[in-house]
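Here are my notes for you on this one. Keep the 3D view open and look up each residue as you go.

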Amino acid sequence: MKRFAIAGSVIAALGLCSVALAASTLSGTYKTKIHSTALGGALNGTWTIKFKNGSYTVTDKGAVVVQGKDKIKGTKITFNGKSSGPDACNKGSGTYKFKLKGSKLTFTTVGSDPCVGRATILTGKFTKVG
């Protein structure tokens, strides 16, 4: 009986570790559709964001528009304030809480984000596409 209790404890601990690990990383490509009056509606359309090894790439209509670095700690992600690309905003970093449930990804701002475009795009509900 004692062996079953120990085995159950080990399995539960491993399960919690895998949940914690999953919550502290994002990978893959996610897509959202934006309908907003921000920046005169210039952000309306389909956007994708790809996460890979501490970096992200944002595309609009299939073209890369922003590339940068991110840092994830728990369920918070900080988008570095130094990015590149035609739609890059280098006014400062933006920090968000993220929630990944199945293939659905959402972001909630922590404080304020100095980049209106980034803040607007990240209000979308993202779905994993790759």
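1. First, a term you'll need: a residue is called buried when its relative accessible area is under 20%, and exposed when that value is over 50%. Also keep in mind that this is a predicted model. With that cut-off in hand, try two aromatic residues: Tyr-30 is buried, and Phe-51 is buried too.

2. Now zoom out to the whole chain. How many helices and strands does the protein chain have? There are 2 helices and 8 strands. If you walk along the sequence, you meet them in the pattern α-β-β-β-β-β-β-β-α-β. So much for the order; next comes how the strands fit together.

3. The 8 strands close into a barrel, and going round it you pass E1-E2-E3-E4-E5-E6-E7-E8, with antiparallel pairing. On average, neighbouring strands of this sheet are turned by 30° against each other, if you ignore direction.

4. Have a look at the pairing of E7 and E8. Strand E7 covers residues 104-109 and strand E8 covers residues 126-128; they run antiparallel and are joined by 2 bridges. To find the spot on screen, pick Leu-105, which stands opposite Phe-126 in E8.

5. Back to the aromatics. The structure holds 8 aromatic pairs. One of them is made by Tyr-30 and Phe-51, and it is edge-to-face, with 6.2 Å from centre to centre and 65° between the planes. Why edge-to-face? Because planes over 60 degrees apart get that label, and the planes of Tyr-30 and Phe-51 are at 65°. This pair links distant parts of the chain: Tyr-30 sits in strand E1 (residues 28-34) and Phe-51 in strand E2 (residues 45-52), 21 residues apart.

6. Those two rings have company. Tyr-30, Phe-51, Tyr-56, Phe-79, Tyr-96, Phe-107 and Phe-126 form one aromatic cluster. Try colouring that set on your screen.

7. Which residues have the most contacts inside the largest nonpolar core? They are Phe-51, Phe-79 and Phe-107, in a core of 20 residues. At least two residues of this core come from each of E1, E2, E3 (55-60), E4 (63-73), E5 (76-79), E6 (94-101) and E7. E2 gives the most, with 3 residues.

8. Phe-51 deserves a closer look. Leaving out residues up to four places away in sequence, Phe-51 touches Leu-26, Ser-27, Gly-28, Tyr-30, Tyr-56, Asp-70, Ile-77, Phe-79, Leu-105 and Phe-107. Click through that list and see where each one sits.

9. Two loop residues are worth a stop. Most residues other than glycine have a negative phi. Leu-39, in the loop between E1 and E2, has a positive phi of about 50° although it is not a glycine. Lys-61, in the loop between E3 and E4, also has a positive phi, near 55°. Are they buried or exposed? Leu-39 counts as exposed because its relative accessibility is 52%, and Lys-61 counts as exposed because its value is 69%.

10. Last, a few totals. Of the 130 residues in the protein chain, 31% count as buried. The chain exposes about 8,200 Å², and carbon and sulfur atoms supply 61% of that. Take the contacts between residues at least 6 apart in sequence: 34% of them join residues at least 24 apart.

Key: Residues numbered from 1 in each chain as written. Predicted model: local features only at pLDDT ≥ 70, side-chain atom pairs only at ≥ 80, totals over all residues. Heavy atoms only, no water. Pairing = 2+ DSSP bridges. Helix = DSSP H or I, 4+ residues; strand = E, 2+ residues; numbered from the N terminus. Axes fitted to C-alpha atoms, helices over the stretch in contact; angles between N-to-C directions. Phe/Tyr/Trp six-rings, centres within 6.5 Å; stacked < 30°, edge-to-face > 60°. Buried < 20%, exposed > 50% of the residue type's maximum accessible area, 1.4 Å probe, protein only. Core = buried A, V, L, I, M, F, W, Y, C linked by side-chain atoms within 4.5 Å. Contact = heavy atoms within 4.5 Å. Areas by Shrake-Rupley, 256 points an atom, 1.4 Å probe, with all protein chains shown as cover.
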